[in-house]
Every structure is written in structure tokens, then in C-alpha cells.
Amino acid sequence: MKNINPTETNAWLQLEKHFEGFDDFSLREEFKKDASRAQKLTLIDKDFYVDFSKNLITESTRTHLTALATECGLKEAINSYFTGAVINATEKRSVLHTALRTPQAHADKSLESNVSDAIASKQKMFDYVDGILNGDTLSANGKKFDTIVNIGIGGSDLGPVMIYEALQAYKNNMTLHFVSNVEGDHVEEVLKKINPDTTLFVIVSKSFGTQETLTNATTIRNWFTEKLEASAVSKHFIAVSSNVDKAVNFGIDHKNIFPMFDWVGGRFSLWSTVGMSVALGIGTDNFQALLDGAHEMDNHFRNTDFEKNIPVQLALMTIWYNNFYRAQSEAIIPYTQYLHRLPAYLQQAIMESNGKCVDRDGNSVTYDTGNIVWGEPGTNSQHAFFQLIHQGTKLIPAHFIAFAKAKYNQPDHHNKLMANFIAQTEALMNGKTRSEAKKDLERSGKSKDEIDMLLPFKVFEGDQPTTTILIDELTPQSIGKLIAMYEHKIFTEGIIWNIYSYDQWGVELGKVLADTILDNIENKEYADHDSSTSAILKRFGNLNS
Ligand SMILES: O=P(O)(O)OC[C@H]1O[C@H](O)[C@H](O)[C@@H](O)[C@@H]1O
């Protein structure tokens, strides 16, 4: 992989010049000028329809941005990514979540053994899941398991919970709970709801060293052994980890440890045995369909020209807004409750990956990286933060994601949902001019004085950019494809920004300091900090003494 400072490329210079022409850019005008704008700026890959035309771009913008991707060595980088080069250099690891969904017959020569290991570990997981679901594997008291508790945090929680919520229409009758936060109240609330006799606990931790997960697992095991014999632990607790020894030390039966691989990053691990709880909740066929959907997007990303490549063009939009428009954030608005955890999942995937201020040569970057993402499902978000997108002072490019077909036959609901989905992007783009707003007020019979007073508040500037991602139907396949699309978008941005997307050193500092503070709390030693930290520690200590 070449380390290229994007701002020193010819394409970047061209983009800077090109951007100067955007002072009086108007999407309304662009659509008026070119009847085929939507068609030219929409990419279709089977069930995915991605319309970029409501973005602040022209076809030349796309050309310049695509040239930037090429000049930054994206083609070679994609090849390195898919063939197992050590692209996570600071941790000396390959980045091969794509191998987890590759059929053996499609494996690259260099990755045959990774793919066959992935398939073997998936098979072990599937056999176990089938045994639980068909009742061959029973609880310590010979009962069928009916509840799963996933104990994990970060990538060992967000991916599984997001997918499980997304695929509620595909769930079997297993009840799933997710315990992630180290907050004891979170654990207690889950324990209140479950019967130890019929509950399987899945401890998920790549490192098996994460404070939150080990604390929760220990508390839950203690609770469990108060209710059932200690010998029942081996039938009710399983672990997913790449640190098998630590899982054994914790007391997990060797045969109940489902290994994951060093070459899969935590936030990209939902495709691996980390998906255990999801597979238990939706069954192995649906889990396989999820993998197949992701593989379909892998092929699209790897084999499609950049101009027609959905993840590449999505990444380039982020570069355009982040580095040229200097937009501070992007919104992700899924028009389905099923995807209510998608923004949270993407916050980890995107911000932990690309929140880096040092380039691949170890120098401080001189340009912005790491886009901030946030969001909530529509239509709820329309009644919450859309005011700021429509009339605030910030440029907030947004992804609008929806599925053309609903899962249940409620056409009245679905038509209303989709009407809002479509209307919002049109409104954000067109806004409302002063004269349009004035006409509206006149039509409503307001006096001249009232109109003069109200008019400034009724104007919408418009030109708020959106990308519409319309997918035929929400299925395990399309959800897999959607998540893989974002994974490759993240990769592409990291390559162009010349940063390492697959480490997360920034998470360490706070973790280490928390250990010291915990020591202080336990020993009631509050003095050895700045006055703010000491006072907070003391107040906390006093309230709990
Ligand atoms: O799976 P684990 O090893 O327990 O790690 C859980 C999480 O811990 C860290 O905070 C990392 O920043 C995350 O990327 C990771 O997903």
C-alpha cells in the first residue's frame, strides 16, 4: 500500500479549484438544467438503488473525486485488503472480515487456509446452534433452552445487537438479551427477567480481557451458581474468543469455546462466531444468508469500476463534505425501526476506525479525517432533530435508507412512511424561497404586518444534501450487503486519508486511567489528582461510604 498524502495529489488540487465554483451552487438549478441528472448520478446493484443526485455535486465532481481515489492507490489497496496483506500495520495484522463470508471456491490462493479455517469455525458454530435449536443439546436439568444472554461490549455487542434487531422478522422463539455496560444495574435488570434453568450465556470477547465483559460474566456466573449447581456452568456458559486460554481459565469448557481469529477486528466481527447469539436467534440458514449478502457486496466493491462502485462513491461523498465543505458531521436516517441500532453500530465502525490524527507515516495529518456520524430512525427523527437539518446553521449531509417492501401487509402505514422518506429529501434539497414562503402566508390570509414578521422564519435555504439508499426488501441478505457496504466505505476513506483504519489505540488511555481511579475508590485515596478529579472522587466516595 502506498502512503500518499491526499492533499499533495494532483486530483486534490483539481478538486480545490473545482470547489471554488460551488459558491452559488443550487441543486434546484442543476435539476432544471439536466433532466437526466438523477439517472446519471444513481448507482444500481440488483436490489440496491443508491441515488447521489441530491448531493452538492456535478458529474465533474464525481470525476475529480474518482481521480483522487485512483491517485491515492485505492485499486492496489483493495487488492491488499482482500488478499490478506498486513494492512493493520500497527498491530501487525491482516484485515480479513471479508474471508468470513467467502465460499471456499471463491477464495484467493493466498487465503485458502484462512477461508477454510473460517468455514470450519462457522460449521462448529452452526452445529452447536442447530443442536440447541432442535433440542439435542439441553440445559443442565434436561430442559430446552429458550433464552440467550450475550455478554460483550463494543464490537462484541454492537454488531450482534444491531443485526438481531434488524432481523426481528426472522427471529425464532428464542429470547435474546444483551448485557454490555459494566453498570451493575444493567446486569440486574436482565437477571430479573431470566430463568437460569433455561438460559444460555454467551460470553463474547475477542481478547477475553475486557473489564466490562469479565465483570458482567463473573457476576452472572455467581448469580447462576447460587441458583443451580456449579457443575451446571459447563452446560450454560459458552465463550467466543481468540484468547482460548483465558476463556478456559475463566472456567469455560474447552469444547464450548468458539474461536475467532486474530485477523478479524472487533468492530468487523459480527460475521464470525461473534454472531453466535444472532445465529441462535435467527437460525443458521438466515445467518448464512447474511454472510452471502455481505459477500455479494464484497464482489461488487472488488470488481466494479470506481465510478459505479457504491462504497467508493459513498466514501468520496464523505471526503467531499468533510474536506472541502468542512461539514462537521453526517446523519444516518434509516426509515425503519428494524435498523434503530444502525447509527450506534456505525458510530463504532466509522469513528473508531477513522478517528485518527496521525497518517500512515506517523506524521500529524494536516487535513480533517474521521467523520462524525449520528442518527435515529425516521419518521421519529423528523419530530426531533430535523429542525436543525432544515434550518440550522450547519451543513449535515444525510443518508436516507429505506426498504421498498414492508415485512407485513400494512400498506397505509408503509405508504405514509415512504411518503415521508421521499418528501424529506425533496424538501431538504429544494427548501423554500422567500417568495414561495410569502405566497404561502398570503394564501393563509395573514395580514401584511404578520407576514413581514413571520417571513424570515418561514424560509428554508435548501441545498441540504442527501443520499437515498433504497433497497428492495429487508432480508438477511440485504442487511449483510448493507453492512458490508459501510465496511468498504470506511476502508476507502481510510486509504484516501492515509490513516490506519484498523487499530484503536485511542481507546487505551481512559481504560488504563480507570484502573488507577478504581484503585483510588477502593482505597479511599482521593488526593493524587487535579482538584476537579479529586473533588469528584471525594464526593462519590462520601455518598457511598
Ligand atoms: O471483544 P473484546 O476484546 O472484549 O473487545 C471489546 C471492545 O473493546 C475495545 O474497547 C475496543 O475499542 C473495541 O474495538 C472492542 O470491540
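Author: A word on naming before we start: helices (H or I, at least four residues) and strands (E, at least two) are DSSP runs, numbered from the N terminus. Please also keep in mind that this is a predicted model.

Reader: Thanks! Between which strand and which helix does the loop with His383 lie?

Author: His383 belongs to a loop rather than to a DSSP run. The flanking elements are strand S9 (372-374) and helix H16 (386-391).

Reader: Is His383 buried or exposed?

Author: A residue counts as exposed if 12 or fewer other C-beta atoms lie within 10 Å of its own. His383 has 9 such atoms, so this residue is exposed.

Reader: Which residues does UniProt list for "active site", and how far apart are the farthest two C-alpha atoms?

Author: The unreviewed UniProt entry lists Glu352, His383 and Lys511 under that heading. They span 160 residues in sequence, and they do not all gather at one spot, because the farthest two C-alpha atoms are separated by 36.8 Å.

Reader: And in which helix does Lys511 lie, and is it buried or exposed?

Author: The helix is H21, residues 508-523. Lys511 has 10 other C-beta atoms within 10 Å, so the answer to your second point is exposed.

Reader: Let's turn to the sheets. Which strands stand at the edges of the open sheet of six strands?

Author: The order in this sheet is S1-S2-S11-S10-S8-S9, with mixed pairing. An edge strand has a single partner, so one side is left without a neighbour in the sheet; here that applies to strand S1 (42-45) and S9.

Reader: By how many degrees are neighbouring strands of this sheet turned against each other on average?

Author: Direction is ignored for this value. The average turn between neighbouring strands in the six-stranded sheet is 15°.

Reader: Which residue in S9 stands opposite Ala331, and what angle does helix H15 make with S9?

Author: Strand S8 (residues 329-334) and S9 run parallel and are joined by three bridges. Within that pair, Ala331 faces Trp374 of S9. Helix H15 (residues 342-354) packs on the sheet and touches both S8 and S9; its direction relative to S9 is about 170°.

Reader: What is the order of the five strands in the other open sheet, and which are the edge strands?

Author: The five strands run S4-S3-S5-S6-S7, and the pairing is parallel. Two of them pair on one side only, namely strand S4 (175-179) and strand S7 (257-259).

Reader: Which residue in S4 is the bridge partner of Val149?

Author: Strand S3 (residues 147-151) pairs with S4 over five bridges in the parallel sense. For Val149, the partner in S4 is His177.

Reader: Which strands does H9 touch where it packs on the sheet?

Author: H9 lies at about 145° to the direction of S3. The strands in contact are S3, S4, strand S5 (199-204) and strand S6 (237-241).

Reader: How many residues surround the ligand, and how do they divide into nonpolar, polar and charged?

Author: There are 14 residues around the ligand, and the closest are Gly154, Gly155, Ser207, Thr210 and Gly266. By class, this shell divides into two nonpolar, nine polar and three charged.

Reader: Where is the place of Ser207, and how exposed is it?

Author: Ser207 sits in the loop between S5 and H9. It has 13 C-beta neighbours inside 10 Å, so it counts as partly exposed.

Methods: Residues are numbered from 1 along each chain as its sequence is written. This is a predicted model: local features need pLDDT of at least 70, side-chain atom pairs count only at pLDDT 80 or more; totals for chains, interfaces and linings use all residues. A residue is near a molecule or strand if its C-beta atom, placed from the backbone, lies within 6 Å of it. Ala, Val, Leu, Ile, Met, Phe, Trp, Tyr, Cys and Pro count as nonpolar, Asp, Glu, Lys and Arg as charged, and the others, Gly among them, as polar. UniProt positions are given in the numbering used here, feature names are shortened, and annotations may be inferred rather than shown by experiment. A residue is buried if 20 or more other C-beta atoms lie within 10 Å of its own, exposed if 12 or fewer, and partly exposed in between; C-beta atoms are placed from the backbone. Two strands pair if DSSP finds at least two bridges between them. Axes are lines fitted to C-alpha atoms, for helices over the stretch in contact, and angles run from 0 to 180 degrees between N-to-C directions. Two residues are in contact if their C-beta atoms, placed from the backbone, lie within 7 Å.
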